[in-house]
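This report describes selected features of one protein model: strand pairing, nonpolar cores and internal spaces. The sequence and structure are shown first.

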Amino acid sequence: MKKFASDSVCDYYETEIRMDVICLRYYFELVDTEGNTCYYGNYDFTSTAPTDPDRMFDCPQTLREEEMLAVPEWAANKIVYQIFPARFASSRPVDESKWYQIPIDFREDLQGIIDHLGHFKDLGVDVLYLTPIFESPSTHKYDTVDYYKIDPGFGTESDLKELVQKAHALGIKVILDGVFNHTSPDFFAFRDILEKQNRSAYRDWYYWEKMPLICEQGKKPNYKTFGYHGGMPKLNLQNDVTADYFIQVGRYWIESCHIDGWRLDVGDKISHMFWRKFRREMKLVNPEALIVGEIWHYAGDFLNGEEWDSVMNYPFYFSVRDFVAEEKISASKFWENMGSLLGNLHTNVIPVLWNLLDSHDTDRILSICGGNKEKLKIAAALQLLLPGMPVIYYGDEYGLTGAGADCRRGMAWDARYQDLDIYQWYCTLIRVRKQYRCITEGTTSDVQINDAEGILCLTKEWRGEKMVVCFHAKTGQVNFPQFIGMKNVLTDTSFDGIVKDYEAVVLYQRLAQENEFI
């Protein structure tokens, strides 16, 4: 077995075996630094190698194959673009004084997104993720009134079908936001309870303490909610009828509009039982549908093959924020954090983790970086030059800023609000990521870290290619004479051995003949 990751507590080892037997029995041979040997089989340590199969670990081939975590192959290492539809684009003239401000009521439409599909293609986006688009009284739409109706401010079901069809024609997938943890108080089931109280046929669709329900502004609700917001009553998905309703919602939009999957809002607040059933039903409709949960901490219990394919990788967000933007942690600690994910999550999950720098729920990355463009650039390099699915929040590619609610300001379509230097940097990173598969699929053969100078340098190899991906997250100049002469594919120049302030370099070398693997 070879060590493939480390964190502050553990080293993680792995090996790959091929088996064609009914059942594989195995044990571990452990050798310490002084040459002493012991053996570990069937959760027991022994001083001699076990010979009895019952003293070994057991791996039934068919059972393990059936329980393998299978994620959609199309999604691996693809680039996601997050859209907050109410503030992204309009098919109608927009008053500039309303557009470039903290969003209050202004709403835009799906047609505006359709009109800008060329932007995604030019940037190199593979997946569009839209925050909720179903009928709701709010700008954010996380308080759904009707799950079977596109919000009239956004358009119609026909508009969604057109968006999906035209996106697919460009090779771009579309993921919708599923808010199945809670609803609006105007959702038909909750409204019926408010009207009929204990006589309502829907009284078991929610968690309530006593009747009558208290649903008034300024008063504490006597039912469970999202957070402490009485305007978002929490659904009881332990009730089979309720669960079946929302599973049918999930199926409907995959079947009717051919969306490519769901991002699941506050998914960790809903039971594993529901998600297991949800996954089975979505995969029956489309086995290639991508299921991504929102969770802000470690999510291994949701990623065992029975529930989600992936998660919004907030541990990545926190690590980049702490390492680059706020300089609270060292390069070693950042890499340990990545090692913890690598070591504790299934291998198949790593290429589909949604690695984000910001979202509609955080300050924008440039604001987190205090307006420092060079910090933003190195953060974007970490996001786009490591395995996983980078999630670009709309406008980050133009250097959009915004903290608090202002993180949802209008998209910078006017050239006066666009930072084209940042845009070109994103384009370059994406081009290099797509051109050199070694970056995302290569084996890491060497890691060099210098905490004093803020250096993380990875050497990767894949099918006769060698790439050195180096991140410098501090000021100053660092020398790498051993790499002089390699091609820096980010600048298309020969590397002079010097890495400057907050700079990333990607060096390329061919190790084999061009036709060796044909």
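Two strands are taken to pair if DSSP finds at least two bridges between them. The model discussed here is predicted.

**Strand pairing**

By that criterion, β4 pairs with strand β5 (residues 37-41) in the antiparallel sense, over four bridges. Within this pairing, Phe28 stands opposite Tyr40 of β5. The two strands belong to an open sheet of three strands, ordered β4-β5-β6 and paired in the antiparallel sense. Its edge strands are β4 (28-31) and β6 (44-46), each of which pairs on one side only. From one strand to the next, the twist averages 30 degrees.

Strands β1 and β2 also pair in the antiparallel sense, over four bridges. A hairpin of four residues joins β1 to β2, and Lys3 has Tyr13 in β2 as its bridge partner. The two antiparallel pairings are set out below.

| Strand | Partner strand | Bridges | Opposed residues |
|---|---|---|---|
| β4 (residues 28-31) | β5 (residues 37-41) | four | Phe28 and Tyr40 |
| β1 (residues 2-6) | β2 (residues 11-14) | four | Lys3 and Tyr13 |

**Nonpolar cores**

In soluble globular proteins, nonpolar side chains tend to be buried together. The largest nonpolar core of this model comprises 146 residues, and those with the most contacts inside it are Tyr81, Trp262 and Phe471. A second core, separate from the largest, consists of twelve residues, among them Ile455, Val478, Phe480 and Met486.

**Cavity and pocket**

How many cavities of 30 Å³ or more does the structure hold? There is one such cavity. The largest cavity has a volume of about 40 Å³. Its lining is formed by His297, Tyr298, Ala299, Leu303, Val311, Met312, Asn313, Pro315, Leu341 and Leu345. Which strand gives the most to this lining? Strand β17 (residues 310-313) does, with three residues. By class, the lining of the largest cavity has eight nonpolar and two polar residues, and no charged ones.

The second largest pocket holds about 220 Å³ of space. It is lined by 13 residues, of which Glu216, Gln217, Gly218, Gly230 and Gly231 are the closest to its centre. The lining of this pocket divides into six nonpolar, five polar and two charged residues. Charged residues are thus present in the lining of the second largest pocket, whereas the lining of the largest cavity has none.

Methods:
Residues numbered from 1 in each chain as written. Predicted model: local features only at pLDDT ≥ 70, side-chain atom pairs only at ≥ 80, totals over all residues. Heavy atoms only, no water. Core = buried A, V, L, I, M, F, W, Y, C linked by side-chain atoms within 4.5 Å. Buried < 20%, exposed > 50% of the residue type's maximum accessible area, 1.4 Å probe, protein only. 1 Å grid on protein atoms, 1.4 Å probe; cavity = no way out; pocket = protein on both sides within 12 Å on 5 of 7 lines; lining within 4 Å. Points joined across faces, edges and corners; volume = space filled by probe spheres on them. Nonpolar A, V, L, I, M, F, W, Y, C, P; charged D, E, K, R; others polar. Axes fitted to C-alpha atoms, helices over the stretch in contact; angles between N-to-C directions.
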